[in-house]
Amino acid sequence: MTACSIHRLAEHALLCSVSGPVSLDIQRRMWAMADRAADWDGVIDAYPGMNNLTVMFSPNADPEALTHRLTDAWASGEMRDAGGRVIDIPVHYGGEHGPDLADVATHTGLPPREVVRRHCEGRYVVYFLGFQPGFAYLGGLDPALATPRRAEPRLAVPAGAVGIGGEQTGIYPATAPGGWQLIGHTDVSLFDPAHEPPTLLAPGDTVRFVAEAVSL
């Protein structure tokens, strides 16, 4: 069984982390731990990350007791199914919307349309949200599409940009600096503070990219 280390992250926070490669099973165990911990007395919130879980607790909580409970929760092997919603994201690939599509094609040795086809074939599970409000870290990219980040990041990646960064793909919810290879764009809003919940995606959801148009 994969070991989980638990240590103090801050005065009122614990971090549970697992070393080794990222996998859906590890994420499912982190989701289950987060669900359980959220109901414990003294816990303010539990945030799943990539191969980790951060637990925020009140000043009156006993961190040693919480550590024991988290250790037991991990040892139980309980997993939460990735049984969230299936959300289709329409994408305009290439052209001005995907200025790095040609570079990804060159790096992978695949024609641009094959890059698009494989990207749309994937079924991507939301592992966790981070980096920006609403930014989903997705598992499930075809290994053949893995492409290193740009040597020089852009100062402003537009909201809705769909990119590939290493072995992951994702969507920028808001304009921000970034180094991912941009292959397309979507008009779907991923974060709206006026909505409840404000984020479109949640851990356990499945994302499918749909080619609305392809410009080469």
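**Exercise 1. Determine what share of the chain's contacts between residues at least 6 apart in sequence joins residues at least 24 apart.**

Solution. Step one is to fix the term: a contact means heavy atoms within 4.5 Å. Step two is to read the share: among contacts between residues at least 6 apart in sequence, 63% join residues at least 24 apart. Step three is to note the basis of the values. The model is predicted, so local features need pLDDT of at least 70 and side-chain atom pairs count only at pLDDT 80 or more, whereas totals for chains, interfaces and linings use all residues. Residues are numbered from 1 along each chain as its sequence is written, and side-chain values use heavy atoms, with hydrogens and water left out.

**Exercise 2. State how many helices and strands the chain has, and explain why it is as compact as a globular protein of its length.**

Solution. Helices (H or I, at least four residues) and strands (E, at least two) are DSSP runs, numbered from the N terminus. The chain has four helices and 13 strands. Its radius of gyration is 19 Å, close to the 17 Å that the globule rule gives for 216 residues, so the chain is as compact as a globular protein of that length. The radius is taken over C-alpha atoms, and the rule is 2.2 Å times the number of residues to the power 0.38. Along the principal axes, the C-alpha trace spans about 60 × 40 × 35 Å.

**Exercise 3. Describe the region that UniProt lists as "domain: Carboxyltransferase".**

Solution. The unreviewed UniProt entry lists residues 4–201 under this name. UniProt positions are given in the numbering used here, feature names are shortened, and annotations may be inferred rather than shown by experiment. Over residues 4–201 the chain is 23% helix and 32% strand. The end C-alpha atoms of this region are 27 Å apart.

**Exercise 4. Classify Pro 90 and Thr 206 as buried, partly exposed or exposed, and list what each touches.**

Solution. Buried means under 20% relative accessible area, exposed over 50%, and partly exposed in between (1.4 Å probe, protein chains only).

- Pro 90 is in strand E5 (residues 86–94). Its relative accessibility is 30%, so Pro 90 counts as partly exposed. Not counting residues up to four places away in sequence, Pro 90 touches His 185, Thr 186, Val 188, Val 210 and Glu 212. The C-alpha atoms of Pro 90 and Gly 184 are separated by 9.8 Å, with their positions 94 residues apart along the chain.
- Thr 206 is in strand E13. Its relative accessibility is 14%, so Thr 206 counts as buried. Leaving aside neighbours within four places in sequence, Thr 206 is in contact with Arg 85, Val 86, Ile 87, Arg 123, Tyr 124 and Val 125. Thr 206 and Ala 82 lie 124 residues apart in sequence, yet 7.9 Å apart in space, C-alpha to C-alpha.

**Exercise 5. Asn 51 and Phe 131 have positive phi values; is each of them buried or exposed?**

Solution. Phi of Asn 51 is near 65 degrees, and Asn 51 is not a glycine. Asn 51 lies in the loop between strand E3 (43–49) and strand E4 (52–57). With a relative accessible area of 5%, Asn 51 is buried. Phe 131, also not a glycine, has a phi of about 70 degrees. Phe 131 is found in the loop between strand E6 (124–129) and strand E7 (136–139). At 51% relative accessibility, Phe 131 counts as exposed.
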